[in-house]
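Open your viewer and get ready to click through a short tour. We will visit the ligand and then a hidden empty space.

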Amino acid sequence: MRQITVALAKGRLAEKTVEILEKCGINCGPLKADTRKLVLFDAENKYRFIFVKPADVPTYIERGAADIGVVGKDTLLEESKDIYEMLDLKFGACKMCVAGFKERKDSITQNNLRVASKYVNVAKDFYASKGVDVDIVKLTGSVELGPVIGLTDVIVDIVESGKTLEANGLVVLEEICRLSARLVVNKVSLKTRKDEIMPLIAKISEVIDKEECK
Ligand code: PRP
């Protein structure tokens, strides 16, 4: 039987995900090696792990190149792929917000507002829901620079500790939604490998509940 393939978002969420999987009884020792390998296996060779850019996790899952994955809700909102979101893993909690200089608070829904974001679709949907026509500028990082440099009026971005905003003289002007890590599953895998995937999800859910009670 081939291994279950697990897609992990490189970066913030991967470390915590591995910690949770270990608590589920999966020996993730080989995943902690200092290596540039992108495909790794657990000690018992039951799982195959692939480390991918967060924005690519939904693509691997939708196309069945991975059976299950862990990714932020921000990415799921932005990518909107045809996959199952099975579990809120609770960690990686942050908020999607409109942010900018506090003087702009009253003008964040004005037409032609210039909005910088890595989350172009999220920003589009948010402003469309308000019936506001905005000029969205796609950036790939350090989005806070938009208002600071005068490229845009505001940003739509994730805020975790709030330190990046604070360090750049910006504030949250409006919260769009709450975010956290989610467990996602390929639709076909859930049908064809249900007996392996469902017990794993149940175990992960149990571990997450225990963590929450701490
Ligand atoms: C994210 C986000 C903010 C920052 C928020 O960027 O886009 O810039 O983190 O975190 P904070 O509220 O704890 O300061 P990331 O660190 O992923 O880097 P990037 O700007 O290169 O995308």
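Start by selecting strand E9 (154-159), which gives the largest share of the shell around the ligand, three residues. Strands (E, at least two residues) and helices (H or I, at least four) are DSSP runs numbered from the N terminus. Add helix H6 (163-167), which, like E9, supplies at least two shell residues.

A word on what you are viewing: this is a predicted model, where local features need pLDDT of at least 70, side-chain atom pairs count only at pLDDT 80 or more, and totals for chains, interfaces and linings use all residues. Residues are numbered from 1 along each chain as its sequence is written, and side-chain values use heavy atoms, leaving out hydrogens and water.

Next, show everything around the ligand (a heavy atom within 4 Å). You should find 13 residues, the closest being Lys118, Glu144, Asp157, Ser161 and Thr164.

Now look for polar contacts (N or O atom pairs within 3.5 Å). Which atom of Glu144 lies 2.6 Å from a ligand oxygen? Zoom in on a polar side-chain atom. Then try Ser142, where a polar backbone atom is 2.8 Å from an oxygen of the ligand.

For the last stop, select Val6, Leu8 and Phe91, which are among the residues lining the largest cavity. A cavity is a set of points on a 1 Å grid over the protein atoms alone where a 1.4 Å probe fits but cannot get out; lining residues have an atom within 4 Å of a point. Helix H1 (12-23) is one of the elements giving two or more lining residues, and its share, three residues, is the largest.

Conventions. On a 1 Å grid over the protein atoms alone, a cavity is a set of points where a 1.4 Å probe fits but cannot get out, and a pocket is an open set with protein on both sides within 12 Å along at least five of seven lines; lining residues have an atom within 4 Å of a point. A polar contact is a pair of N or O atoms within 3.5 Å; within protein, one must be able to donate a hydrogen and the other to accept it, and residues adjacent in sequence count only if both atoms are side-chain atoms.
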